[in-house]
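Reader: Please set out the fold and the nonpolar interior of the protein shown below.

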Amino acid sequence: MSGAVLSGQELAALRLLAAGLTHLQIAGALGVRPKTAGGLLYRAQTVLRARTLPHAVALAYEAGLLGGTGR
């Protein structure tokens, strides 16, 4: 993972994705437009240097960002 950090909204969007919510549901939960929710997830994926969104969730768990044990 790069030295960049996730914003609070990016982390919240990633947590909701990890919980199984869709982009539309994430947008509703965060009070943003669906396009904005997608942008938050895209940036989280980029910051984590993940190939896919599921990969981003896995990397975030490994890093302890989503309540995982971390490395």
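**Nonpolar core and fold**

Author: In this predicted model, the largest nonpolar core comprises 19 residues, and those with the most contacts inside it are Leu6, Leu14, Leu17, Ile26, Leu41, Leu48 and Leu66. At least two residues of this core come from each of α1 (8-18), α2 (23-30), α3 and α4.

Reader: Which helix gives the most residues to this core?

Author: Each of α1, α2, α3 and α4 supplies at least two core residues. The greatest contribution, five residues, is that of α3.

Reader: With which residues is Leu41 in contact, leaving aside its neighbours within four places in sequence?

Author: Leu41 is among the residues with the most contacts inside the core. Contact here requires heavy atoms within 4.5 Å. With neighbours within four places set aside, the partners of Leu41 are Ala13, Leu14, Leu17, His23, Ile26 and Leu53.

Reader: In what order do the elements of the protein run from the N terminus on?

Author: The protein has four helices and zero strands. From the N terminus, the order is α-α-α-α.

Reader: What percentage of the residues of the protein count as buried?

Author: A residue is buried when its relative accessible area is under 20%. Of the 71 residues of the protein, the buried share is 32%.

Reader: Is Arg49, which has a positive phi, buried or exposed?

Author: Most residues other than glycine have a negative phi. Arg49 is not a glycine, yet its phi is about 55°; this residue lies in the loop between α3 (34-47) and α4 (53-62). Because its relative accessible area is 63%, Arg49 is classed as exposed.

How values were computed
Residues numbered from 1 in each chain as written. Predicted model: local features only at pLDDT ≥ 70, side-chain atom pairs only at ≥ 80, totals over all residues. Heavy atoms only, no water. Buried < 20%, exposed > 50% of the residue type's maximum accessible area, 1.4 Å probe, protein only. Core = buried A, V, L, I, M, F, W, Y, C linked by side-chain atoms within 4.5 Å.
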